[in-house]
Amino acid sequence: MHPQTVDPTTGKWVTTAVRKLEEKGFDVNLGTRMTADAFTGAADVFVMLSNDSDLAGTLRMLKHEFGFRVGIIFPMPSSRSSKELVKTEPDFMAHITDEALAACQFPKQMRDGKGVFRCPPKWA
């Protein structure tokens, strides 16, 4: 908690529980997999869905050193795209918009052979 405060009753520092929703090592694993696929000829075009600038080196290598076509799909509006990823000069770029995500959602209520089921209220 910033600034740190002292509990007036106990005289102890006030602490806050933090739940950190951060992946670790994904960028390295993705970069390694893409490089392995390039060496084995498993792909002709490499497309990454990320905004993680740590992957710029992998994309740059695939495109400029190995001659593959590369693309980036950013999971946010263009104003927030990683400048480092854009500098890799991908062959194509796209952005996932709120409208595109909304168009991909199932209806709030659906029916199957067992009856009607609904989207949980927390998901709406």
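Where in the chain is the place of Phe68? Phe68 sits in the loop between helix 2 and strand 2 (69–74). The legends below describe close-up views of a predicted model.

**View 1. Phe68, a buried loop residue.** The loop that holds Phe68 runs between helix 2 and strand 2. Phe68 has a relative accessible area of 17%. That value is under 20%, so Phe68 counts as buried. Ala17 is the partner for a distance across the model. Phe68 and Ala17 are 51 residues apart along the chain. Their C-alpha atoms are separated by 45 Å.

**View 2. The largest pocket and its lining.** This pocket has a volume of about 220 Å³. One stretch of the lining consists of Gln105, Phe106, Pro107, Lys108, Gln109 and Met110. Phe117, Arg118, Cys119, Pro120 and Trp123 also line the pocket. Two strands each supply at least two of the lining residues: strand 4 (109–112) and strand 5 (115–118). By class, the lining has 7 nonpolar residues. It also has 2 polar and 2 charged residues.

**View 3. A nonpolar patch on the surface.** Val45, Val47 and Phe92 make this patch. Its area is about 210 Å². Val45 belongs to strand 1, which covers residues 45–49. Is Val45 buried or partly exposed? Val45 is partly exposed, at 35% relative accessible area. Patch residues need over 30%, so Val45 passes that cut-off.

**View 4. A salt bridge within helix 1.** How many salt bridges does a search of the whole structure find? The search finds 3. Side chains of opposite charge can pair when their charged atoms come close. In this view, Asp37 pairs with Arg33. The closest N and O atoms of the two are 3.1 Å apart. Both residues lie in helix 1 (residues 26–40). They are 4 residues apart, about one turn of the helix. Arg33 is partly exposed, with 48% relative accessibility.

**View 5. A salt bridge between Lys63 and Asp91.** The side chains of Lys63 and Asp91 meet with N to O at 2.8 Å. Lys63 lies in helix 2 (residues 56–65), and Asp91 lies in the loop between helix 3 (83–86) and strand 3 (92–95), so the pair ties together parts that are 28 residues apart in sequence. Which partner is buried? Lys63 counts as buried, at 19% relative accessibility. Asp91 is partly exposed, with a relative accessible area of 35%.

**View 6. A salt bridge between Glu84 and Lys87.** Here the closest N and O atoms are 3.3 Å apart. Glu84 is partly exposed, at 36% relative accessible area. Lys87 is exposed, with a relative accessible area of 55%. That value is over 50%, so Lys87 falls in the exposed class.

**View 7. Glu89 and its positive phi.** Most residues other than glycine have a negative phi. Glu89 has a phi near 60°, a positive value in a residue other than glycine. Glu89 is placed in the loop between helix 3 and strand 3. Asp91 lies in the loop between helix 3 and strand 3 as well. Glu89 is partly exposed, with a relative accessible area of 48%.

**View 8. Val86 and its distance to Pro120.** Val86 is found in helix 3. This residue is partly exposed, at 35% relative accessible area. Pro120, one of the residues that line the largest pocket, is the other end of the distance. Val86 and Pro120 are 34 residues apart along the chain. The C-alpha atoms of the two are separated by 38 Å.

Note on methods:
Residues are numbered from 1 along each chain as its sequence is written. This is a predicted model: local features need pLDDT of at least 70, side-chain atom pairs count only at pLDDT 80 or more; totals for chains, interfaces and linings use all residues. Side-chain values use heavy atoms; hydrogens and water are left out. On a 1 Å grid over the protein atoms alone, a cavity is a set of points where a 1.4 Å probe fits but cannot get out, and a pocket is an open set with protein on both sides within 12 Å along at least five of seven lines; lining residues have an atom within 4 Å of a point. Grid points are joined across faces, edges and corners, and a volume is the space filled by probe spheres set on the points. Ala, Val, Leu, Ile, Met, Phe, Trp, Tyr, Cys and Pro count as nonpolar, Asp, Glu, Lys and Arg as charged, and the others, Gly among them, as polar. Patches are made of residues with over 30% relative accessible area and no salt bridge: like charges are joined within 9 Å, nonpolar side chains (Val, Leu, Ile, Met, Phe, Trp, Tyr) within 5 Å. Accessible areas come from the Shrake-Rupley method with a 1.4 Å probe; for residues, only the protein chains shown count as cover. A salt bridge is a side-chain nitrogen of Lys or Arg within 4 Å of a carboxyl oxygen of Asp or Glu. Buried means under 20% relative accessible area, exposed over 50%, partly exposed in between (1.4 Å probe, protein chains only).
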